[in-house]
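Me: Could you zoom in on one part of this model for me, the ligand site and the loop beside the helix that lines it? I'd like the contacts with the cut-offs spelled out.

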Amino acid sequence: MYAFQYHRPGSLKEAAALLGKLGDGKALAGGQTLIATMKLRLAQPSDLVDLGAITELRGIKVEGDALMIGALTRHAEVAASAEVKKRIPALAVLAGGIGDRQVRAVGTLGGSVANNDPAADYPAGVLGLGATVITTQRKIVADDFFDGMYETALKPGELITAISFPLPKRAAYAKFPNPASRFAMIGVFVSQVANGSVRVAVTGAGGGVFRDAALEKALTANFTPEAVTSVKVSASGLSSDMHASAEYRAHLIGVMAKRAVVAALG
Amino acid sequence: MTVKLLLNVNGKEVEADIDPRTLLVQFLRENLRLTGTHVGCDTGQCGACTIHLNGQAVKSCNILALQAQGSEVLTIEGLAAANGDMHPMQVAFKECHGLQCGFCTPGMVMSATALLKENPKPSEEQIRAGLDGNMCRCTGYQNIVKAVQTCAARS
Ligand SMILES: Cc1cc2nc3c(=O)[nH]c(=O)nc-3n(C[C@H](O)[C@H](O)[C@H](O)COP(=O)(O)OP(=O)(O)OC[C@H]3O[C@@H](n4cnc5c(N)ncnc54)[C@H](O)[C@@H]3O)c2cc1C
Ligand code: FES
Ligand code: FES
């Protein structure tokens, strides 16, 4: 790891000001991705701004028709939250399936979403629920936030402060985990809102999380496992690697979407 | 650059000026000489470096020591009673032969104790899922699971 200057601000305002003036500074949340990246010297920030002491970034609350989760809220906290389990159980399931217990005790919502790993779980939940990412500068709807592999709409120095998840009528997440890392080989998040319209977000398949228009159309017309079976998922554009071919990933999208629909119908 | 770190480790207050790059596991092993916490992979995968941070199992190779600022850290050295009696989980590992080479054992024991705190009577499946972040290259896990079941049954 290259040397860096360390900062531990006590408030969001202070953190944003620091990141605004430090050219090569990076925010440190749980560090479950960033520390490994720095050890490999794939990242060499001049400064680390540790968000760990900023209590205002933590917490879960209901605001109107949405669940508001602070950026620094740990995966384990979301998984165990009575409020999340009651309002959007699919999100608690998703958080409880990230990595392992030690990673969940430290990794955060904001860190995962900002990192936008193409096989990460939270991006599927954020896009699949049509959530809004709230930052130190603006509000960004999920459809405008994710921008391909490890890329997002965040500008340098811009921090995620919370994510607002609208409460769906029903939702579920199904993941086929990579047996070693637990990242998604394929993860599918399905949600249906009160007017019947459905969102289907897929992670692990390619260059970043995306919505599947054909599955959304079929499920909006008919929210059943059979509707999923009627759609032939194309392998075109999906990634092939040592873990799975594009064709196998396409097959898994169908299988996971079906499992998610069954779970959502509960 | 050095930064002051204040921690409580195994019940003792610790203070040190450290390079911010220092990982928590490095601080425990090299500064405090608490070498019971092992480094297996140094990439956050194997769980050998698992300690408790404010009561929760975390991988100490995957966080900076400074991220633990002001926290309570418990390592395998702090698990036994003051008079040296082993913790019930350590007793169970010994009795059930839950270890062979012993390299993964400190991390396994720390994860297992965190698991039982949260879920005192876990099923076999819950034990296996709860120890997901810890790898053992020797035992095939059978006797580790048995040790956790034995400890849970006694408490
Ligand atoms: C063994 C292991 C297994 C894992 N398995 C999974 C898995 O199955 N599924 C999965 O989804 N993930 C998995 N992860 C990743 C894990 O979820 C990480 O916690 C997460 O990706 C990053 O969160 P963090 O809080 O640790 O962020 P950090 O590592 O601290 O930061 C990651 C990036 O986000 C930036 N950042 C952090 N917070 C903010 C913010 N509030 N605003 C703007 N930028 C910010 C940082 O500058 C950095 O670039 C795994 C990790 C490990 C080590
Ligand atoms: S040494 Fe920390 S997880 Fe392997
Ligand atoms: S006992 Fe040897 S690695 Fe587990």
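Reply: **A loop residue and the ligand shell**

A:Asn116 counts as buried because its relative accessibility is 0%; buried is under 20% relative accessible area, exposed over 50% and partly exposed in between, with a 1.4 Å probe and protein chains only. Before going on: this is a predicted model, where local features need pLDDT of at least 70, side-chain atom pairs count only at pLDDT 80 or more, and totals for chains, interfaces and linings use all residues. Residues are numbered from 1 along each chain as its sequence is written, chains are lettered from A and ligands numbered from 1 in the order written, and side-chain values use heavy atoms, leaving out hydrogens and water.

Back to A:Asn116: it sits in the loop between H7 and helix H8 (122-128) of chain A. Helices (H or I, at least four residues) and strands (E, at least two) are DSSP runs numbered from the N terminus. The phi of A:Asn116 is near 45°, a positive value in a residue other than glycine. Most residues other than glycine have a negative phi.

H7 takes us to ligand 1, which lies between chains A and B. Its shell has 34 residues, and the closest are A:Ala27, A:Gly31, A:Leu34, A:Thr108 and A:Arg182. To be near, a residue needs a heavy atom within 4 Å.

Now for the polar contacts, meaning a pair of N or O atoms within 3.5 Å. Polar backbone atoms of two residues are involved: A:Ala29 has one 2.8 Å from an oxygen atom of ligand 1, and A:Thr33 has one 3.0 Å from an oxygen atom of the ligand. A:Lys175 joins in with a polar side-chain atom, 3.3 Å from a ligand oxygen atom. On its own, ligand 1 exposes 980 Å², and the protein buries 94% of that; accessible areas are Shrake-Rupley values with a 1.4 Å probe.

Which elements give two or more residues to the shell? Strand E2 (25-28) and helix H7 (109-115) of chain A do. H7(A) supplies the largest share, four residues. By type, the shell splits into 14 nonpolar, 14 polar and six charged residues. Here Ala, Val, Leu, Ile, Met, Phe, Trp, Tyr, Cys and Pro are nonpolar, Asp, Glu, Lys and Arg are charged, and the others, Gly among them, are polar.

Technical notes: A polar contact is a pair of N or O atoms within 3.5 Å; within protein, one must be able to donate a hydrogen and the other to accept it, and residues adjacent in sequence count only if both atoms are side-chain atoms.
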